[in-house]
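Visitor: I am new to this structure and would like a close look at a single part. Please take one chain and stay with it for a while.

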Amino acid sequence: MKQFTHHLQLATRGKGLYPITREIETWTEGRGLRTGLLTIFIQHTSASLTIQENADPDVVRDLDEFFERLAPEGAAWYRHITEGADDMPAHIRAALTQTQLTIPLVDGRLALGTWQGIYVFEHRARSHRRSIVLHLAGE
Amino acid sequence: MKQFTHHLQLATRGKGLYPITREIETWTEGRGLRTGLLTIFIQHTSASLTIQENADPDVVRDLDEFFERLAPEGAAWYRHITEGADDMPAHIRAALTQTQLTIPLVDGRLALGTWQGIYVFEHRARSHRRSIVLHLAGE
Amino acid sequence: MKQFTHHLQLATRGKGLYPITREIETWTEGRGLRTGLLTIFIQHTSASLTIQENADPDVVRDLDEFFERLAPEGAAWYRHITEGADDMPAHIRAALTQTQLTIPLVDGRLALGTWQGIYVFEHRARSHRRSIVLHLAGE
């Protein structure tokens with residue numbers, strides 16, 4: 001089996017879901033493997049990863065609003081407040097979603113379903129540069 | 001190292017957790033490997049995967065009810081409503097649980113704990129046919 | 001590619017997050033691989049895994065409190081109550097976080113971000129002995 005690693009950078013512009021499916025498919029399917037396993041790992045605790053519907057953009061807007069309501073800024077009981085009102089909610093939102101996703105490669109293609117898109121879920125209000133590590137093993 | 005892939009289909013009959021442990025163990029442990037890594041990937045964004053207690057069936061009933069209460073049908077603020085009242089809650093429930101699970105194979109057996117069962121978590125109200133991709137690598 | 005497995009035991013003393021980063025890094029980076037994939041799997045359904053900020057200890061305290069509020073002990077609608085008031089909340093908290101984490105190994109080091117720590121998230125009120133299985137594959 002062969003292994004490949006890659007480092008992606010993504011510039012985010014505030015809270016919300018940023019699609020990265022195409023970039024990940026292009027890199028993965030360009031390695032020349034037929035069968036394998038791709039792992040996507042985001043190196044942050046205030047941004048995360050999720051797989052969600054890629055068709056109606058209202059889905060990812062509603063998803064962001066759900067988390068906004070579930071872990072609102074400025075809850076009176078937060079102790080961790082020195083890094084901004086959006087920071088503790090960001091950590092909660094990251095804990096509730098994924099830091100890592102692993103997806104099989106079958107017949108040379110990532111085994112995503114028709115309606116599945118891969119997203120970086122930014123939880124901070126301001127712009128950030130996010131680092132993502134890819135690892136692919138297979139033959 | 002060798003690799004194997006497999007495609008499971010599961011017919012669901014409305015919201016709830018459907019056990020798939022036995023089917024997954026049978027396939028995995030039948031590949032003849034001693035040490036390896038199994039990845040389970042569900043190709044949907046309105047159904048998901050979870051590992052939960054396999055003993056008292058009330059656990060998975062309560063788990064389903066928790067998510068019903070956390071992301072209720074018909075919240076006034078949902079924008080994504082054209083696919084049915086259960087669709088946006090389904091996407092939220094999927095985001096809060098897993099699209100993928102990876103489990104080590106040790107001494108020829110999946111390293112599940114005594115009380116751990118693998119479940120497909122169906123989030124839509126009607127019957128669906130769900131696709132699951134398995135990837136196993138090892139020796 | 002080579003494979004290694006390992007079994008960790010952790011004694012917890014009630015609800016909260018217990019850091020395991022150093023122990024996992026020491027074992028992983030001691031296997032002599034340059035590139036690979038580490039999988040961490042916890043064999044329980046009332047304790048889980050999460051990657052969170054390793055700097056301000058208030059983050060993990062707030063995270064624990066968030067889950068305490070989201071899935072409180074003694075909700076009137078729980079059916080599963082025979083194993084104690086903290087048991088059903090524990091299963092919910094485990095379902096909302098991770099049973100498994102997979103992290104790439106790049107240039108001989110785990111690809112954790114600067115502020116990322118790996119934690120066992122104990123959801124039961126009393127002391128427990130928790131079992132974690134590690135699987136590493138690479139070259």
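Which residue stands opposite Arg109(B) in strand 6 of chain B? Please start there and work outward.

Guide: The residue is Val106(B), which stands opposite Arg109(B) of strand 6 in chain B. Bear in mind that this is a predicted model.

Val106(B) and Arg109(B) face each other where strand 5, residues 100–106 of chain B, is joined to strand 6 of that chain by two bridges. These two strands run antiparallel. They belong to an open sheet of five strands in chain B, with the order 1-8-3-5-6 and antiparallel pairing. Strand 6 (109–110) is an edge strand of the sheet, and so is strand 1 (2–13); each of these pairs on one side only.

Next comes helix 1 of chain B, which covers residues 21–29. Its buried residues are Thr21(B), Ile24(B), Trp27(B) and Thr28(B). Viewed down the axis of helix 1 of chain B, the buried residues fall within an arc of 140°, so they line one face of the helix. A general point about spacing helps here: an α-helix has 3.6 residues a turn, so residues three or four places apart point the same way. On the face of helix 1 of chain B turned away from the buried side are Arg22(B) and Thr26(B), both exposed.

Chain B also has contacts with a neighbouring copy, and one residue of chain C serves as an example. Thr45(C) sits in the loop between strand 3 (36–42) and strand 4 (47–53) of chain C. Its relative accessibility is 7%, so Thr45(C) counts as buried, the cut-off being under 20%. Leaving aside residues up to four places away in sequence, Thr45(C) touches Ile51(B), Gln52(B), Glu53(B), Trp115(B) and Gln116(B) of chain B, along with Ala90(C), His91(C) and Ala94(C) of chain C.

Last is the arrangement of the copies. A turn of 120° with a shift of 0.0 Å along the axis lays chain B on chain C, with an RMSD of 0.0 Å. The two copies are therefore related as by a three-fold rotation axis. Chain B is likewise superposed on chain A by a rotation of 120° with 0.0 Å of shift along its axis, at an RMSD of 0.0 Å. Of the residues of chain B, Leu96(B) comes closest to the rotation axis, with its C-alpha at 3.3 Å.

Definitions and conventions: Residues numbered from 1 in each chain as written. Chains lettered and ligands numbered in written order. Predicted model: local features only at pLDDT ≥ 70, side-chain atom pairs only at ≥ 80, totals over all residues. Heavy atoms only, no water. Pairing = 2+ DSSP bridges. Helix = DSSP H or I, 4+ residues; strand = E, 2+ residues; numbered from the N terminus. Least-squares fit on C-alpha atoms with pLDDT ≥ 70 in both. Buried < 20%, exposed > 50% of the residue type's maximum accessible area, 1.4 Å probe, protein only. Arc of directions from axis to C-beta. Contact = heavy atoms within 4.5 Å.
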